[in-house]
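Hi,

Here is the structure I promised to pass on. Have a look at it first, and my notes on the salt bridges follow underneath.

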Amino acid sequence: MSALHQYDYIFAITSVLAALDAWNIGANDVANAFASSVSSRSLTLKQAMALASVCEFSGSVTVGSRVTEMVRKAIVNPHHFDDAPAVLLLAMMCTIMSSSIFLTVATRKGMPVMPTHSLLGGLIGSGIASIGVSKINWGWTGVSRVIAAWVISPGFAGLLGAALFLFTRTAVLCKAGAVKRAFFSIPFYSFITFGALATLVVWEGMYLGTVPTKIVLISIFAAATGGVLLESFFVMPWLWARVVRDDWTLKGYHAFQGPFLLWRRPPPPTPRGAIKPHITDFYRGHLTPEELQFVRASEKLLQSVQTSDGKPPPTHDDDEEPILPPPAQSPPPGWVSRLDPESEALTPPRPPGSGTSWPVIRWRIGRIFLRGVERDVISMQKCNALLEWDIADMHSRARRYDNRAEYMFSTLQVITAAATSFTHGANDVSNAIAPFSVAYEVWSEGRVPEMTNVPIWQLCFGGAVIVLGLLTFGYHVMRTLGNRLTLVSPSRGFCMELASAITVLVATRLRLPVSTTQCIVGATVGVGLANGDWRCINLKLTGQIYLGWLVTLPVTGFVSWCLMGMLLNAPSWPGA
């Protein structure tokens, strides 16, 4: 039984709002972390959801408590409420309420905002209303340190992402043997990714005590080397047979044969009528400059014919070269229709039968629980203009690379997507759990206790609801990022995600609750600019995203300040 049972209703409201806040974090922050993987076609939406569910939950449970401690103690010292623990309980309710309301609106609009901003704004607002401005930790160990991280993290991620892509483009993609170079670069990039994950788990998820630094470093290198050896033993032989030798008979489970695939017999000719598996065209639906000019010239000609009211199309002077191709001219080689097959609905059709039949009932239940994963995010991202920015022209300016080389990087992107999801769970679970953890301890003990470790059940609660938010509502933010911000291919997406994961790793080590949103957006902008043309980035969308970040803290702070002030001064509150 709780010590503050008279405030059971406040804790109940806080628990519901904490679940809503965690749900929004999954729908907003986790979704934007996987937008590049889905946009590049390295992962389908369902595959991304399944991978994120496992990695996000494991990161939250194993590593999330360390950052939670920083959020619970650094901004507002809870011992300021030693004489009135119920006021601290109320402050946590107002903090979570303001954050969850703002995140719900932003997620529904598809805008990638930062839950860290909304949490901090709520903490500052409720703290000012209850204990005053002077009691807020504005110094380097509190608010200033977190805000500085918000400024540094997107810039660092952008520079790191640009450097990774420039190196990859120069050393691999632009070379004559790009496919083989991409193949042999897999161990190098995998070692970096596995090493970053191992470093995070060893430094943050384990109690090292007096373990020597030498042993820690050996453990990290051993884990990274072990991951690379497993990938070299199972994945790389499969890729060699599938991509380099073009073995169309190969199945996914053949990867378990390992190096024996290198001695596999050459594939037989494709039988007549059989559908030969092919390497994914990662640039399907994204037109080159020549293709875009052809399509728009054709559209202009059709529009002029439709608006001429029966009059012949306008003629050109003899010395003027018409910009339109002859009507009988065929599309240029490689032209891809904008009517992408992926634009078809992913929802299975309603089975025949009455509304009370079991197949129909099962279909309806599936549409309720699978609504968030039955979305074609790539088709949602396709539009002629967004915020008056020419998306098709932006895509046409990005250079195309060999799809077989991109396929190699798609396997790497699966690893970096998992790493990004794990580091996100490690860092951002605190946004939902920190205020709830404080509220639970105050409500159950009736005083402000010394806060050390976060109970495992609270981390499981936060991780589970974050995953639920991604599964049900994450597609709203995914459609905004990815190809609407810049053209994303597996090589570009891999550099974005690796840069974001390393940035979050560094921030977690420094106890800085940065947002994955800032890291992935900064890395996306950096990789886009590495194409060499600033028009490869949707600057208006980037500006709108940054504006959303700027207004988050003052809006949530004001809402929390108003709520806390009204409730503290209500006649029914003790001491009012």
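To start with a single residue: does D393 count as buried, partly exposed or exposed? D393 has 22% relative accessibility, so it counts as partly exposed. Bear in mind that this is a predicted model.

Now for what D393 does with its neighbours. Side chains of opposite charge can pair when their charged atoms come close. D393 makes a salt bridge to R397, with 3.0 Å between the closest N and O atoms. R397 is partly exposed as well, at 34% relative accessibility.

R397 has another partner: a salt bridge links R397 to D533, and here the closest N and O atoms are 3.0 Å apart. R397 sits in the loop between helix 11 (391–396) and helix 12 (403–445), while D533 sits in the loop between helix 16 (516–529) and helix 17 (539–568), so this pair ties together parts that lie 136 residues apart in sequence. D533 counts as buried because its relative accessibility is 18%, and the cut-off for buried is under 20%.

There is also a salt bridge between E445 and R447, whose closest N and O atoms are 3.4 Å apart. E445 is partly exposed, with a relative accessible area of 38%, and R447 is partly exposed too, at 47% relative accessibility. Going back to the earlier residues, D393, R397 and D533 are joined into one network by salt bridges that share partners.

The count comes to six salt bridges, among them the ones between D393 and R397, R397 and D533, and E445 and R447.

Cheers

Technical notes:
Residues are numbered from 1 along each chain as its sequence is written. This is a predicted model: local features need pLDDT of at least 70, side-chain atom pairs count only at pLDDT 80 or more; totals for chains, interfaces and linings use all residues. Side-chain values use heavy atoms; hydrogens and water are left out. A salt bridge is a side-chain nitrogen of Lys or Arg within 4 Å of a carboxyl oxygen of Asp or Glu. Buried means under 20% relative accessible area, exposed over 50%, partly exposed in between (1.4 Å probe, protein chains only). Helices (H or I, at least four residues) and strands (E, at least two) are DSSP runs, numbered from the N terminus.
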